[in-house]
Amino acid sequence: MRTILLRSRWASLPFVLALGAVTLYFLRLSIGHEAQEAPKPPDPPKAPIYKDIHRKVVPPLPEYFPLAAKASSPADLPPVPSWNRPPTEHVPEATRLYIGFTRFWPLLQQAVVSYIAAGWPPEDIYVVENTGTMDANKRGLLTIRNPFYLDYHRLTAILGVNVVSTPSLQTFAQLQNFYLFEAINNNLTHYFWSHMDVAVHPHEDREPFQSLYMKAVDVVRETQKPDYLVDESGHKKEWGIQFFAYDWLALVNVKTFADLGGWDTMIGYYGTDCDMYTRLSMDNYASPVQDAGMVYDVTNSLEDLEVLYRRRPKKQEARDRRDIKAGSYNSTLPSPNKAYLESTEEDEKGAEGFKKLVATLEQIQQDKRDDKNRNSWQLRQNGGEGEPYYYDPDGFEKALQMTIELGRQIIDEKWGHKGCDIEPAGRKKGDQWRVEHDSTFD
């Protein structure tokens with residue numbers, strides 16, 4: 001009997017233990033809920049502190065070429081001065097000229113018109129639109145207040161030049177490699193390129209006279225001679241680039257630039273020219289300096305680009321005779337500019353009109369040199385909000401300056417030296433990214 005009682009007590013033990021565990025669990029759970037604080041409400045979203053921006057509304061740009069604004073075809077423009085006209089049949093040499101554009105249409109227009117008036121065939125001029133606005137300019141979707149605006153119709157239908165677009169906004173170094181890429185794909189052995197903030201003009205007052213274009217052609221012909229850059233020992237030195245007023249206008253050897261691997265795109269802007277031209281020198285490529293004419297580094301446009309065509313009011317007696325001289329307008333052709341073209345005639349080469357034009361361009365160039373911000377022209381348009389691919393103008397400039405500064409730091413690290421005097425500092429081919437900082441970092 002005793003054994004049976006003991007067994008019945010032990011049989012109830014698991015039930016008692018389970019009941020105790022359940023009771024303890026709910027007791028602790030209850031105590032935890034009582035001790036737990038109520039959840040805090042979420043913090044309200046933080047409001048950003050906005051910059052105090054008072055952007056001045058810039059008025060629309062004036063029309064710097066009224067004759068082109070009224071023209072319906074290239075025939076409505078003044079003729080190229082007779083002394084600058086290129087041969088009727090294109091020269092055998094390729095003379096493609098690339099001019100890159102990102103901001104400020106008036107300077108691009110001035111550069112293009114000055115090259116045309118100096119004899120460069122319009123069909124050989126390629127404006128490279130590097131605005132990052134895809135086809136917006138081609139479709140006429142941007143306004144004149146937009147920094148990235150250009151008049152696609154005027155360039156192609158009136159001035160007769162070509163426009164090609166980069167797939168997206170590119171840095172200066174990337175744009176240079178785009179020129180190289182285009183040249184390679186078009187089987188060019190050489191090409192010219194120019195900055196957009198320049199104005200060019202031939203030496204009208206020098207004899208024997210040659211137009212700026214034909215002087216440039218002569219440089220191409222010179223480079224193609226078998227004995228070009230052959231020294232007394234018979235060794236031929238290859239060339240990389242021909243400088244006309246540094247690289248404001250330059251002639252590039254496609255093979256040389258391709259062999260060097262093109263421009264270093266890690267150095268986006270300032271300093272990338274130092275790097276490229278230093279590497280040319282280190283590889284013993286020549287970089288001759290040439291003279292085809294006057295190349296002005298400018299910050300403003302001439303008030304009326306008509307002056308580049310070198311015309312003057314026709315003398316009264318000539319008007320009475322309706323005397324149409326070589327280089328003047330053929331009055332049998334209908335034109336919205338007929339009155340202007342019939343009332344003017346070609347000026348004399350090297351005469352007072354030339355001197356006034358040169359003096360004006362020299363003053364514009366001096367104004368740029370005197371400006372602490374030599375590229376202030378890039379900031380003269382700040383509109384376009386709401387238009388395709390709009391980018392805040394102030395933000396664009398700030399981001400650009402940050403990118404420029406990073407590029408400067410990269411070239412300094414690449415060569416372990418601050419400054420463009422890389423070779424004089426003892427650097428040689430193969431030293432890039434392999435040398436310690438020199439004293440210029442102290």
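Buried here means under 20% relative accessible area, a cut-off worth keeping in mind for the close-ups of this predicted model.

**Figure 1. Phe65 and Tyr309 form a stacked aromatic pair.** Both partners are tucked away: Phe65 is buried, and Tyr309 is buried too. Their ring centres lie 6.1 Å apart, with 25 degrees between the planes. Phe65 belongs to the loop between α1 (2-35) and α2 (66-70), while Tyr309 belongs to the loop between β9 (294-297) and β10 (311-313), so this pair ties together parts that are 244 residues apart in sequence. For context, a search of the whole structure finds 19 aromatic pairs.

**Figure 2. Phe172 and Trp263 meet edge-to-face.** In this view the centres are 5.8 Å apart and the planes make an angle of 85 degrees. Helix α5 (residues 172-185) carries Phe172, and Trp263 lies in the loop between α7 (254-259) and α8 (272-282), so the pair connects parts that are 91 residues apart in sequence. Trp263 has 3% relative accessibility and therefore counts as buried.

**Figure 3. Ring pairs link a cluster of aromatic residues.** Look for Phe172 and Trp263 again, since they are among its members. The cluster also takes in Tyr98, Tyr126, Tyr179, Tyr191, Trp193, Phe243, Tyr246, Phe257 and Tyr277. Tyr126 has a charged partner as well: the charged end of Arg96 sits over the Tyr126 ring, 4.0 Å from the ring centre.

**Figure 4. Thr166 sits in the loop between β3 (162-165) and α5.** Is this residue, Thr166, buried or exposed? With 6% relative accessibility, Thr166 counts as buried. The Thr166 side chain reaches the backbone oxygen of Ser168 at 2.9 Å. Setting aside neighbours within four places in sequence, Thr166 is in contact with Val128, Glu129, Asn130, Leu175 and Phe178.

**Figure 5. Two stretches of the chain have pLDDT below 50.** Across the chain the mean pLDDT is 89, and 86% of the residues reach 70 or more. Residues 1-6 have pLDDT below 50, and the model gives this stretch zero contacts beyond near neighbours in sequence. Residues 317-333 also stay under 50, yet the model has 27 contacts for them beyond four places in sequence. A friendly word of caution: where pLDDT is low, the predicted coordinates should not be read in detail.

Key: Residues numbered from 1 in each chain as written. Predicted model: local features only at pLDDT ≥ 70, side-chain atom pairs only at ≥ 80, totals over all residues. Heavy atoms only, no water. Phe/Tyr/Trp six-rings, centres within 6.5 Å; stacked < 30°, edge-to-face > 60°. Helix = DSSP H or I, 4+ residues; strand = E, 2+ residues; numbered from the N terminus. Buried < 20%, exposed > 50% of the residue type's maximum accessible area, 1.4 Å probe, protein only. Lys NZ or Arg CZ within 6 Å of the ring centre and 35° of its normal. Polar contact = N/O pair within 3.5 Å; in protein donor to acceptor, adjacent residues only side chain to side chain. Contact = heavy atoms within 4.5 Å. pLDDT = per-residue confidence, 0-100.
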